[in-house]
Amino acid sequence: MFETLVLILDSTVRLSTPLLLACLAGLYSERAGVVDIGLEGKMLGAAFGAGAVAYVTANAWLGLLAGIGVSVALGLLHGFASISNRGNQIVSGVAINFLAAGLTALLGQSWFRQGGRTPALPEGGRFRDVVWPFAEQLRDIPVIGPLYSELLSGHNILVYVGFLAVPLTWWVLFRTRFGLRLRAVGENPAAVDTAGISVTWLRYRAVIACGILCGFAGAYLSIAQGAGFGVNMTAGKGFIALAALIFAKWRPANAMFACLLFGFLDAVSIRMQGQEVPGIGEIPVQFFQALPYILTVILLAGFIGKAVPPKAAGIPYLKERS
Amino acid sequence: MSETPAIELRGISKSFGPVHANRNIDLVVKKGSIHGIVGENGAGKSTLMSILYGFYHADAGDILVNGKTVTIADSKAAIGMGIGMVHQHFMLVDNFTVLENVVLGAEDSAMLAGGLDRARVELKRLEEEYELRVDPDALVQDLPVGLQQRVEILKALYRSAEVLILDEPTGVLTPPEADHLFKILEVLKNEGKTILLITHKLREIMAATDSVSVMRRGEMVATRETKDTSMEELAELMVGRSVLLRVDKKPASPGAPVMEVENLCVTDQRGVQVVKDVSFSVRAGEIVGIAGVSGNGQSELLETLSGIRRATAGTLKINGETIDLGTSALDAADMRARSMGHVPEDRHRMGLINSFAEYENSILGYHHDPAYSSGLLMNTAAIKQNAVAEIEKYDIRPPNPMLKTANFSGGNQQKIVLAREIERDPDVLLVGQPTRGVDIGAIEFIHSRLVELRDAGKGILLVSVELDEIRALADRILVMFDGRIVGERGADADEGELGLLMAGVEDNTKLPVEGDAR
């Protein structure tokens with residue numbers, strides 16, 4: 001029983017990592033007042049970029065860089081549309097999602113001819129699990145052993161990046177000048193402007209930060225968790241991350257718990273497939289697969305208290321004519 | 001006395017498309033003085049100050065700071081030259097602390113801690129030097145507006161501003177708060193700071209400034225030493241002709257009550273009781289004014305009577321019919337059907353749909369009237385005819401019923417609302433802030449229409465936060481404070497006495513300096 005629990009928690013960690021990275025990405029953007037529904041598209045673009053470059057170069061780090069590059073480029077596109085040209089941020093985000101979905105499949109097919117997938121990664125093209133010191137030796141110690149060697153040790157580097165990004169984001173947001181300005185521009189851009197700070201440049205830096213983290217999230221899917229890019233492999237994770245962000249009320253630590261919760265449900269659903277539940281019988285797989293989404297809807301429908309978004313989120317900044 | 005002026009503007013011009021907001025403006029502001037700039041709404045005062053603060057760029061002209069010609073590229077440059085601005089709508093981040101707001105944009109280094117510590121020490125010093133006390137750790141959203149404004153002033157002083165621009169600073173303040181602000185400005189002046197005070201309230205100019213410049217339609221029409229001028233002269237300069245500061249009206253000859261409110265209680269969406277056991281009546285042929293600082297229940301009172309908001313208890317007698325407001329489900333249309341007109345406080349939010357054409361707005365709320373609608377189709381011809389008649393009668397400009405209301409000036413928008421309500425010939429008219437954001441010419445017009453309606457034997461309930469307006473129009477004045485009617489006075493009531501009632505002080509004890517009684 002304990003072992004099962006550790007296994008579920010272990011896979012919870014693996015499944016929440018991409019959500020967490022994307023969620024923190026969205027946090028930077030939305031805290032600066034730029035609503036980003038294009039997390040999904042950026043992740044997908046990054047997953048493809050990472051998969052393709054990692055396959056060609058057989059180097060996971062280059063793959064990661066390519067993923068970040070693609071995601072940042074899409075982020076800048078979002079910025080160009082919604083910051084420079086003050087377009088509707090939702091429309092721009094949706095466009096990026098479509099663009100990424102279509103372009104990755106098209107380029108994948110045209111370059112690799114495997115139905116839009118990238119070929120399986122060669123050795124070195126994938127981030128391997130990092131085994132912590134003494135993980136093997138400690139494995140048999142009761143309780144602490146499995147926790148250390150299964151839960152803490154044995155994940156790929158991006159998992160650790162994701163969880164370290166939580167305190168880092170908190171620190172950036174609440175302890176640095178950049179963070180203060182970022183939060184201010186999401187609440188009242190006019191206050192930032194009159195303080196002599198460029199609203200545009202600040203928001204661009206936010207979408208770039210968002211792009212970088214989405215790049216990590218996408219690369220995680222294709223060259224760390226998986227061994228290659230598959231068509232539409234994000235499968236709505238960007239939207240779940242967005243839901244987690246609202247659920248977390250735009251706070252980094254809350255974001256981690258929200259993503260862990262969604263990851264846990266996902267892990268349980270995988271675990272419960274084909275299992276008999278005493279007294280009920282076999283529960284259809286679809287039920288568990290739907291569970292994270294149902295929970296999202298219920299939570300967002302008001303079970304989390306009032307989630308007050310950054311006041312200026314979604315509103316392009318325009319110097320008002322007096 | 002040929003001291004270099006703190007600020008000198010030469011030939012400043014600025015256009016927004018075809019509109020000349022500023023045309024060839026010259027201005028000299030002496031160091032260590034309080035210089036007022038008056039003008040109607042839209043006269044170009046705010047634009048001029050925004051140019052000085054680097055928010056806009058002038059199309060032509062020179063700016064001299066301490067005698068040197070400068071280019072002010074952005075607000076950062078203006079701050080660098082010692083120019084600080086307190087905006088009409090505060091440029092504060094509501095969910096930040098006072099300290100965070102003060103350091104925003106002046107943080108010293110990439111890490112916050114150092115800058116915050118320095119600011120804390122500096123705020124302490126400023127507090128002692130200028131008597132500007134604010135708790136540095138309070139959230140701005142928890143502070144009353146008077147203190148929020150103080151934070152804005154502190155922001156400017158923290159950036160070592162030598163010239164302080166205040167744009168309509170008293171619009172949101174109670175009379176005592178405004179008095180306190182002027183005391184602060186006096187202290188700042190004595191410390192050698194230069195202050196530019198933008199306002200459309202002549203009384204403040206007379207009370208607080210050393211010299212005053214008048215703007216009209218984008219031009220600077222005159223500069224006077226305050227001691228050598230008068231309110232009448234300034235008013236005339238502002239509008240280009242003489243205006244009546246007092247409304248010309250006969251004494252009221254009130255008849256029988258047309259509206260009686262008894263024991264009205266209203267609770268708002270937060271569950272806070274905002275109107276507490278309010279009773280009063282309005283008689284035919286009189287204007288009853290409700291004075292009070294905004295946020296003391298007047299808005300909710302007006303919304304309840306007009307059918308927009310539900311009461312928890314109370315009765316309303318209108319035209320002999322008694323309505324239990326605690327249980328009735330009458331909405332705004334039902335109230336209108338009982339001959340109750342309503343000019344809402346916020347015309348943008350409740351009075352008009354700004355993206356609709358003028359003629360469409362001219363029947364909003366009365367659009368089910370058989371004269372305008374057959375149930376399924378609107379009778380556009382009749383609606384337009386009505387709109388044209390109202391435009392004519394109320395001198396609404398431009399006289400184009402097809403124009404979107406967003407493109408009318410504040411005064412003309414208000415006339416559209418007023419025309420719509422008055423022309424339906426209501427027995428009772430509820431009026432909220434009829435002249436907010438309206439220029440002097442239109443104010444005069446609106447006031448005389450209301451007096452005419454009164455003289456036609458209708459009852460008017462007027463809610464306004466402008467004490468001058470209440471005093472000019474009302475035949476009886478009720479003062480609201482904290483949801484209650486705390487006093488009733490005649491039209492000739494003493495202004496200071498009303499001010500104290502509005503501040504919730506019933507005797508003549510001195511007001512606490514802190515405005516945070518809440």
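## Chain B, its six-stranded sheet, and chain A

Among the contacts in chain B that link residues at least 6 apart in sequence, 68% join residues at least 24 apart. This figure, like every other value in this report, is computed from a predicted model.

### Chain B as a whole

The secondary structure of chain B comes to 17 helices and 20 strands. Its radius of gyration is 25 Å, which is close to the 24 Å that the globule rule gives for 518 residues, so chain B is as compact as a globular protein of that length. Taken along the principal axes, the C-alpha atoms of chain B fill a box of roughly 70 × 50 × 45 Å, and buried residues make up 46% of the 518 residues in the chain.

### The open sheet

Within chain B, 6 strands form an open sheet whose order is E6-E7-E8-E3-E9-E10, and the pairing in this sheet is mixed. Strands E6 and E10 (219–225) of chain B stand at the edges with a single partner strand each, so one side of each is left without a neighbour in the sheet. Neighbouring strands of the sheet are turned by 20° against each other on average, if direction is ignored.

The table sets out three of the strand pairs in chain B, together with one pair of facing residues for each.

| Strand pair | Sense | Bridges | Partner residues |
|---|---|---|---|
| E6(B) (residues 83–86) and E7(B) (residues 163–167) | parallel | 4 bridges | B:Val86 and B:Leu166 |
| E7(B) (residues 163–167) and E8(B) (residues 194–199) | parallel | 5 bridges | B:Leu164 and B:Ile195 |
| E3(B) (residues 34–38) and E9(B) (residues 211–216) | parallel | 4 bridges | B:Gly36 and B:Val212 |

### Strand E7 of chain B

Strand E7(B) deserves a separate look. How many of the residues of E7(B) are buried? The strand is mostly covered, with 5 of its 5 residues buried. Both faces of E7(B) are covered, since B:Val163, B:Ile165 and B:Asp167 on one side are buried, as are B:Leu164 and B:Leu166 on the other. Two of these residues also appear in the table: B:Leu166 is the bridge partner of B:Val86, while B:Leu164 stands opposite B:Ile195 in E8(B).

Helices accompany this part of the sheet. Helix H5 (residues 145–158) of chain B lies across E6 and E7 of chain B and runs at about 170° to E6(B). Helix H6 (residues 175–190) of chain B, together with E7(B) and E8(B), makes a right-handed β-α-β unit.

### Chain A and its contact with chain B

Turning to the interface, 18 residues of chain A are in contact with 25 residues of chain B. On the side of chain A that touches chain B, the elements that give two or more residues are helix H8 (177–187) and helix H9 (189–194) of chain A, and the largest share, 5 residues, comes from H8(A). By class, this side of chain A has 6 nonpolar, 5 polar and 7 charged residues.

A single residue of chain A can also be followed in detail. A:Gly211 has its place in helix H10 (residues 199–225) of chain A. Is A:Gly211 buried or exposed? It has 29 other C-beta atoms within 10 Å, and because 20 or more are enough for a residue to count as buried, A:Gly211 is buried. Leaving aside residues up to four places away in sequence, A:Gly211 touches A:Lys42, A:Ser71, A:Val72, A:Leu74 and A:Gly75. By contrast, A:Leu7 is 204 residues apart from A:Gly211 along the chain, and the C-alpha atoms of these two residues are separated by 32 Å.

Note on methods
Residues are numbered from 1 along each chain as its sequence is written. Chains are lettered from A and ligands numbered from 1 in the order in which they are written. This is a predicted model: local features need pLDDT of at least 70, side-chain atom pairs count only at pLDDT 80 or more; totals for chains, interfaces and linings use all residues. Two residues are in contact if their C-beta atoms, placed from the backbone, lie within 7 Å. Ala, Val, Leu, Ile, Met, Phe, Trp, Tyr, Cys and Pro count as nonpolar, Asp, Glu, Lys and Arg as charged, and the others, Gly among them, as polar. A residue is buried if 20 or more other C-beta atoms lie within 10 Å of its own, exposed if 12 or fewer, and partly exposed in between; C-beta atoms are placed from the backbone. Two strands pair if DSSP finds at least two bridges between them. A crossover is right-handed if, with the strands pointing away from the viewer, the path from the first strand over the helix to the second runs clockwise. The radius of gyration is taken over C-alpha atoms; the globule rule is 2.2 Å times the number of residues to the power 0.38. Axes are lines fitted to C-alpha atoms, for helices over the stretch in contact, and angles run from 0 to 180 degrees between N-to-C directions.
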